[in-house]
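Let's take a walk through this model together, from the overall layout down to single side-chain pairs. Have the viewer open and follow along.

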Amino acid sequence: KKMKMNLTKVGIASLLALSTIGTYSCKKKGCTDPEALNYSEKAKKDDNSCEYADETDPATTENVSGFILTNTTWSNDKIYILNGKVVVESGATLKIEAGTIIKGSEGT
């Protein structure tokens, strides 16, 4: 009877250990910040791997203000910083690709 009791305890402890390991190991790690370049919707736990565009680099940012007079596309490989009012004129189209980051500068 004592042997059966010990086997039962070992079995229960094993199940608890496996369920705990399964719970924690299923959490996919990755970048969980939607503003990061390498954001992953599937990531459930942040692993500090997020990468951000350099907002001072003119190759990755575009300052925008005033009127958009012609058909324009804002791509998701740049950060667009609004420096005041931006107006799309009648007859012009502004296409914004999915994942494009648009920010307003302070005081505008």
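**Following the links through the chain**

Start at Lys-103, which counts as partly exposed because its relative accessibility is 26%. Keep in mind that what you're looking at is a predicted model. Lys-103 has a partner: its side chain meets that of Glu-35 in a salt bridge, with 3.9 Å from N to O. Lys-103 sits in strand E7 (residues 101-104) and Glu-35 in the loop between E1 and E2, so this pair ties together parts that are 68 residues apart in sequence. Glu-35 is partly exposed too, at 47% relative accessibility. The cut-off for a salt bridge here is 4 Å, and the 3.9 Å of Lys-103 and Glu-35 falls within it.

Now zoom out for the layout. The chain has one helix and seven strands, and reading along the sequence gives you α-β-β-β-β-β-β-β. Buried residues account for 16% of the 108 residues. About 8,400 Å² of the chain is exposed, with carbon and sulfur atoms supplying 55% of that area. As for long-range wiring, take the contacts between residues at least 6 apart in sequence: 14% of them join residues at least 24 apart.

Back to charged pairs. How many salt bridges does the count come to? There are two, and the one still to visit links Lys-78 with Glu-62, where the closest N and O atoms are 3.5 Å apart. Lys-78 is in the loop between strand E4 (72-74) and strand E5 (79-88), while Glu-62 belongs to strand E3, so the bridge ties together parts 16 residues apart in sequence. Lys-78 is partly exposed at a relative accessible area of 24%, and Glu-62 is partly exposed at 33%.

Stay around that E4-E5 loop, since Ser-75 lies there as well. The side chain of Ser-75 makes a polar contact of 2.4 Å with the side chain of Asp-77. Setting aside neighbours within four places in sequence, Ser-75 is in contact with Tyr-80, Glu-97 and Thr-100.

Tyr-80 deserves a look of its own. A pair of aromatic rings is described by the distance of the centres and the angle of the planes. Searching the whole structure turns up one such pair. The ring centres of Trp-74 and Tyr-80 are 4.7 Å apart with the planes at 10°, so the two are stacked. Are these residues buried or exposed? Trp-74 counts as buried because its relative accessibility is 5%, and Tyr-80 counts as buried as well, at 2%.

Last stop: the covalent link. The count comes to one disulfide, and it joins Cys-31 to Cys-50 with an S to S distance of 2.1 Å. Cys-31 lies in the loop between strand E1 (29-30) and strand E2 (45-46), and Cys-50 in the loop between E2 and strand E3 (61-68), so the bond ties together parts 19 residues apart in sequence. If you check the torsion, you'll get 110° about the S-S bond, which makes the link of Cys-31 and Cys-50 right-handed. Cys-31 and Cys-50 are both buried, whereas Lys-103, where we began, is partly exposed.

Technical notes
Residues numbered from 1 in each chain as written. Predicted model: local features only at pLDDT ≥ 70, side-chain atom pairs only at ≥ 80, totals over all residues. Heavy atoms only, no water. Disulfide = S-S within 2.5 Å. Helix = DSSP H or I, 4+ residues; strand = E, 2+ residues; numbered from the N terminus. Buried < 20%, exposed > 50% of the residue type's maximum accessible area, 1.4 Å probe, protein only. Contact = heavy atoms within 4.5 Å. Areas by Shrake-Rupley, 256 points an atom, 1.4 Å probe, with all protein chains shown as cover. Phe/Tyr/Trp six-rings, centres within 6.5 Å; stacked < 30°, edge-to-face > 60°. Polar contact = N/O pair within 3.5 Å; in protein donor to acceptor, adjacent residues only side chain to side chain.
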